[in-house]
Amino acid sequence: MNALEIRNLHASIGGEPILRGVNLIVPRGEVHALMGPNGSGKSTLSKVIAGDPTYEVTEGDVLVDGESILELEPDERARKGLYLAFQYPVEVPGVSMANFLRLALNARRAEGDEVGVMEFYNKVQRAVKELNWDENILERYLNEGFSGGEKKRSEVLQMLVLEPKYALLDETDSGLDVDALKVVSQGVNAARGPEFGALVITHYQRLLNYIVPDKVHVMYKGQIIREGPKELAVELDQRGYDWIREEVAA
Ligand code: ADP
Ligand code: MG
Ligand code: MG
């Protein structure tokens, strides 16, 4: 099956269970939203999928197109087609955006299959345009002196150039003004297509006005407690999370 599949995933930190049996499937070609109150484990899920060694997986599996990735190093996971946009992206001093993109792209390819000059130029040009960005950005050092909005744009630019099979975008809306939000959403929507799946993790519904999800999953206390169509996000925005908490408690 062409999907990112999370099967009964349990993960702890320092012996403390955080994920308590997460089940979630994002078929390739679909964009799903993961919502839930603060502290429910959304960011933990994205870090476990990325291979962050701080977390111990105690049960369950994560599969990319039917193949388990839990034993793979983070860079190998990226080569399988995963892209993780982090809440706080790193600065890479002295490396221009263009060079970083080239390195990242080649790191995902087999030896001897490095990206050609024209192919690279075309990809990057298209991505920069898609984000209404100035080409000068390519000569700037990665994330150095970038505003919050520019960092987010940079994450989405990387995603457009790398063309992953599955992207996880965590709290992409945090700290973004409405204009930046639109630009980021534009990038995600541009990536949409039969070969691209995404899980957009957000606390608020606001982002989902621009990135309309095919499906919404709600996490609470380390489990998916509700799934539904895009309207579920609107309902959560209007009613908050308490009614779901009460339903789960009952
Ligand atoms: P969300 O992204 O939904 O807000 P998180 O995944 O950030 O939730 O956090 C889930 C729970 O795990 C919280 O109770 C948080 O305190 C705990 N947690 C997350 N990361 C760590 C960590 N590095 N050390 C200790 N506890 C953590
Ligand atoms: Mg949080
Ligand atoms: Mg979080």
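In this predicted model, four strands form an open sheet in the order β2-β1-β4-β5, and the pairing within it is antiparallel. The edges of this sheet are taken by β2 (16-27) and β5 (67-68), each of which has a single partner strand, so one side of each is left without a neighbour in the sheet. Strand β5 is joined to strand β4 (residues 56-64) by two bridges, and these two strands run antiparallel; within this pair, L63 stands opposite S68 in β5. Helix α1 (residues 42-50) packs on the sheet, where it touches β1 (3-13), β2 and β4, and its direction makes about 75° with that of β2.

## The six-stranded sheet

A further open sheet, of six strands, has the order β6-β7-β8-β3-β9-β10, and its pairing is mixed. Here β6 (82-85) and β10 stand at the edges with a single partner strand each, so one side of each is left without a neighbour in the sheet. On average, and with direction ignored, neighbouring strands of this sheet are turned by 20° against each other. Strands of a sheet pair through backbone hydrogen bonds, in either the parallel or the antiparallel sense. The pairings along this sheet are listed below, in the order of the strands.

| Strand pair | Sense and bridges |
|---|---|
| β6 and β7 | parallel, four bridges |
| β7 and β8 | parallel, five bridges |
| β3 and β8 | parallel, four bridges |
| β3 and β9 | parallel, four bridges |
| β9 and β10 | antiparallel, five bridges |

Individual residues fix the register of these pairs. Starting from the β6 edge, L82 has Y166 in β7 as its bridge partner, while L169 is partnered by V200 in β8. Strand β3 (residues 31-35) is joined both to β8 (residues 197-201) and to β9; its residue H32 has L199 in β8 as bridge partner, and A33 has V216 in β9. On the other flank of β9, V216 stands opposite G228 in β10, and V216 is thus placed in relation to both A33 and G228.

## Buried strands and the hairpin

Which residues of β7 lie on each of its two faces, and are they buried or exposed? In a regular strand the side chains alternate between the two faces of the sheet. On one side of β7 are Y166, L168 and D170, on the other A167 and L169, and all of them are buried, both faces being covered. Strand β7 (residues 166-170) is therefore largely enclosed by the rest of the structure, with five of its five residues buried.

Strand β9 (residues 215-220) has five of its six residues buried, so this strand too is largely enclosed by the rest of the structure. With β10 (residues 223-228), to which it is paired in the antiparallel sense, β9 forms a hairpin that has two residues between the strands, and in the turn K221 has a positive phi of about 50°. Two helices lie across this part of the sheet: helix α7 (residues 231-239) crosses β3, β9 and β10 and runs at about 45° to β9, whereas helix α8 (residues 242-249) lies across β9 and β10 and runs at about 115° to β10.

## A buried glycine before β6

The loop between α2 (74-79) and β6 contains G81. Its relative accessibility is 11%, and because buried means under 20%, G81 counts as buried. Apart from its neighbours within four places in sequence, G81 is in contact with P164, K165 and Y166, and the last of these is also the bridge partner of L82. The C-alpha atoms of G81 and E163 are separated by 8.0 Å, although these residues are 82 residues apart along the chain.

## The packing of α3 on α5

Helix α3 (residues 97-107) packs with helix α5 (residues 148-162) at an angle of about 45°, and their axes are 10 Å apart. This angle makes α3 oblique to α5, and the crossing of the two helices is right-handed. From α3, the residues M97, F100, L101, A104 and L105 meet S154, L157, Q158, V161 and L162 of α5. Sorted by class, this contact has eight nonpolar and two polar residues, and no charged residues.

Methods. Residues numbered from 1 in each chain as written. Chains lettered and ligands numbered in written order. Predicted model: local features only at pLDDT ≥ 70, side-chain atom pairs only at ≥ 80, totals over all residues. Heavy atoms only, no water. Axes fitted to C-alpha atoms, helices over the stretch in contact; angles between N-to-C directions. Parallel < 35°, antiparallel > 145°, perpendicular 65-115°, else oblique. Left-handed = near helix turned anticlockwise from the far one by under 90°. Contact = heavy atoms within 4.5 Å. Nonpolar A, V, L, I, M, F, W, Y, C, P; charged D, E, K, R; others polar. Buried < 20%, exposed > 50% of the residue type's maximum accessible area, 1.4 Å probe, protein only. Pairing = 2+ DSSP bridges.
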